[in-house]
Amino acid sequence: MSPEQNPSTDTPTAEPRPGRLTAAAALAALEGLALVAGGVYMLVRGGTGDGGDRQQSVTGGITLIVLALLPLLAARGLLLRRSWSRGPAVITQIMALPVAYSLLQADSIAIPAGIALAAVAIAALVLLVNSATTRALGIRGPGRVQDEN
């Protein structure tokens with residue numbers, strides 16, 4: 001059987017993916033890629049001895065790369081219209097907001113990064129709770145039980 005004849009149970013309909021869902025997936029992927037880039041940067045600095053404490057740089061780099069898995073998996077799930085993917089995507093955005101706030105409190109070049117991170121997190125949250133997105137993911141609101149007949 002072809003995928004068109006046997007759709008996945010996670011895919012609610014054969015309708016085209018809404019642009020809002022694609023945009024939310026792109027923002028989550030962007031955050032994941034930024035975490036990977038930051039992790040690789042820390043690993044390289046630690047490996048070359050530029051980062052001061054080598055062990056701290058390696059640990060921080062590996063941590064960032066592992067943390068990148070959450071938004072990257074969420075982005076893939078959103079693109080594939082998997083209902084489970086919205087939870088990790090929302091969690092990623094909620095975790096990004098305090099990071100953005102702390103970057104905004106710095107007296108350095110980190111302020112523009114904080115503004116960018118806050119804008120991406122807020123935009124992604126708006127996209128993720130949008131009714132078109134929830135419908136495309138097959139998420140029903142509380143008390144809306146689907147008939148099983």
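This section describes the fold, the third helix, the nonpolar core and the main pocket of the chain. The model is predicted.

The chain holds six helices and zero strands. Along the sequence, the pattern reads α-α-α-α-α-α. Of the 149 residues, 30% count as buried. Contacts between residues at least 6 apart in sequence were also examined. Of these, 68% join residues at least 24 apart.

Helix α3 shows a clear division of its residues. Pro71, Ala74, Ala75, Gly77 and Leu78 are the buried residues of α3. Viewed down the helix axis, they fall within an arc of 165 degrees, so they line one face of α3. Leu73 and Arg76 are exposed on the other side of the helix. The buried residues of α3 pack against four other elements, namely α1, α2, α4 and α5. Arg81 follows α3. The phi of Arg81 is positive, near 60 degrees.

Nonpolar side chains tend to be buried together in soluble globular proteins. In this model, the largest nonpolar core contains 15 residues. Leu21, Ala24, Leu27, Leu78, Ala89 and Leu128 touch the most other members. At least two residues of this core come from each of α1, α3, α4 and α5. The greatest contribution is that of α5, with five residues. Leu78 thus appears twice: as a buried residue of α3 and among the core members with the most contacts to other members.

Leu21 is another of these core members. Leaving aside residues up to four places away in sequence, Leu21 touches Leu78, Arg81, Thr133, Ala136 and Leu137. Two of these partners have been met above. Leu78 belongs to the buried residues of α3, and Arg81 comes after that helix.

The largest pocket has a volume of about 560 Å³. Its lining comprises 17 residues. Glu31, Ala34, Leu35, Val99 and Leu117 lie nearest the pocket centre. Two or more lining residues come from each of α1 (19–48), α2 (54–67), α3 (69–79), α4 (86–104) and α5 (110–129). The largest share belongs to α4, which gives five residues. By residue class, the lining divides into 15 nonpolar, one polar and one charged.

The core and the pocket draw on shared helices. α1, α3, α4 and α5 each supply at least two residues to the core, and these helices also each give two or more residues to the pocket lining. The leading contributor is α5 for the core and α4 for the pocket lining.

Definitions and conventions:
Residues numbered from 1 in each chain as written. Predicted model: local features only at pLDDT ≥ 70, side-chain atom pairs only at ≥ 80, totals over all residues. Heavy atoms only, no water. 1 Å grid on protein atoms, 1.4 Å probe; cavity = no way out; pocket = protein on both sides within 12 Å on 5 of 7 lines; lining within 4 Å. Points joined across faces, edges and corners; volume = space filled by probe spheres on them. Nonpolar A, V, L, I, M, F, W, Y, C, P; charged D, E, K, R; others polar. Buried < 20%, exposed > 50% of the residue type's maximum accessible area, 1.4 Å probe, protein only. Arc of directions from axis to C-beta. Contact = heavy atoms within 4.5 Å. Core = buried A, V, L, I, M, F, W, Y, C linked by side-chain atoms within 4.5 Å.
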